[in-house]
Amino acid sequence: MATTKFKEASPYVQPTPTPPPEDYLYKIYEDNVALKSSRTGEKVLNLAIFGLGRAGTIHLSSLARNPRVKITYVVDDVESKWAALKEFWGLNDATFLNSKQSSAVFKDPKVDVVVVASPTFTHEDIVVESLKAKKAVFCEKPIAESRENSVKCYETAKAVGKPLFCAFNRRFDPSYSAVRQRVQKGEVGHVQTIKVCSRDSPLPSIEYLRTSGGIFHDCMVHDIDMMTWIIGEYPIKVAVQAHTHIPEIKALDDHDTVAATLYFPSGTLGIVDLSRNCNYGYDQRLEVFGPKGMLTATNEQPIHCVETQYGLNGLTTAPIWYSFPSRYRNAYQTEMEHFLDIVHGKAQSIVDYRETLAVSKIATACEESARSGKMVEIKWGADELPKRN
Ligand SMILES: NC(=O)c1ccc[n+]([C@@H]2O[C@H](COP(=O)([O-])OP(=O)(O)OC[C@H]3O[C@@H](n4cnc5c(N)ncnc54)[C@H](O)[C@@H]3O)[C@@H](O)[C@H]2O)c1
């Protein structure tokens, strides 16, 4: 046999291969098998969660089975769901409150941590009250409805010495983190263009959109944060076009489709292609292009092992993830563990408050550009931006 010469000794007598670092789930499994934890001896944190809609349910699913926390309070106004929630998640020891009763959470010294996943317009009050009561706070994006009010929240956090974490979940997505690491290592060289395609699915309800804060502060903040986090700089000019195809969204004076260009001081150009309504699933793509090559993070397909079906009308392949709870499932879980590490003083937040505030300022400039039809310049104060990169 021609290939007999390649025959090696039995794998049992050769060094055991180690799992690739990319298999982040196997790493967790190995730690579980070995009962290896940096959390040994940690205090179990008493936690209150505000809002159990789309985002709150995602976080509840990370928390209800989490040995690091005990869910002590659930605050939501849909009282008809309380009994079912209790039974489904095994929350028999939790106190359920409506928002008018929520001061009980702030008054209870046993509560260590508050998770805020209620509608955006409610964030500021819950964040400030929680911080004043010396609770650590995990808050869904955005921290408040305006940059100025977010500043107030961060000032309160600083004054009381408690963490205020803004949940930019995409930073915890393994693919995007890998792209960032490779960009930061210089694999594509000085980035010439960074492109994000972000098309939402399913179309959010009109009730949600009515209080969402608009497409720029509700959706585009994710794209702006990811872009600035990956390349490590902030735009000085933005030029944005936006349109509203859906009459019900037009009636809210909001947009459903956005095409934005961002100009960065080093000459990098950023491009965001954003839609509220994508009929083929949750389309989330990223591309970074430079003189040494291109890095892309394409859409994940849940059943990716079934590659292609051949038919006389052509080839079909598996669908992409339908929406954010499934596409970013890993990211939401990792993000929550990171927050708990911050609370225990075991990690420094990877989301700096200046980054959150900068994202809000850029989103406002993008909205201004779209509404005025003009390019908008962004001026940055000396201490306004993080010094990380
Ligand atoms: N990071 C992400 O991927 C992501 C995804 C979706 C939503 N969000 C954010 O999460 C927040 C909530 O959005 P959603 O889509 O879950 O909304 P939602 O409308 O689905 O749910 C909001 C829930 O909050 C409850 N609620 C209303 N007022 C309250 C109050 N004062 N206190 C406690 N609960 C209250 C409502 O009864 C409802 O159950 C928003 O700020 C949004 O920007 C983030």
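In the predicted model, six strands assemble into an open sheet with parallel pairing, arranged in the order β3-β2-β1-β4-β5-β6. The edge positions are held by β3 (95–97) and β6 (164–167); each has a single partner strand, so one side of each remains without a neighbour in the sheet. On average, and with direction ignored, neighbouring strands of this sheet are turned by 20 degrees against each other.

At the β6 edge, the pairing with strand β5 (residues 136–140) is parallel and comprises four bridges. Within this pairing, V137 has L164 of β6 as its bridge partner. Helix α12 (residues 329–343) packs on the sheet, where it touches β1 (45–50), β4 (113–116), β5 and β6. The direction of α12 makes about 170 degrees with that of β6.

The domain assignment of the protein chain yields domain 1, covering 45–167, and domain 2, made up of 171–327 + 350–377. The centres of the two domains, taken over C-alpha atoms, are separated by 27 Å. Contact between them involves 14 residues of domain 1 and 13 residues of domain 2.

On the side of domain 1 that touches domain 2, at least two residues each are supplied by α5 (120–132), α6 (147–160) and the edge strand β6. Helix α6 accounts for the largest share of this side, with four residues. Classified by residue type, the side of domain 1 that touches domain 2 comprises nine nonpolar, two polar and three charged residues.

Terms used: Residues numbered from 1 in each chain as written. Predicted model: local features only at pLDDT ≥ 70, side-chain atom pairs only at ≥ 80, totals over all residues. Pairing = 2+ DSSP bridges. Axes fitted to C-alpha atoms, helices over the stretch in contact; angles between N-to-C directions. Contact = placed C-beta atoms within 7 Å. Domains from an automatic or database assignment. Nonpolar A, V, L, I, M, F, W, Y, C, P; charged D, E, K, R; others polar.
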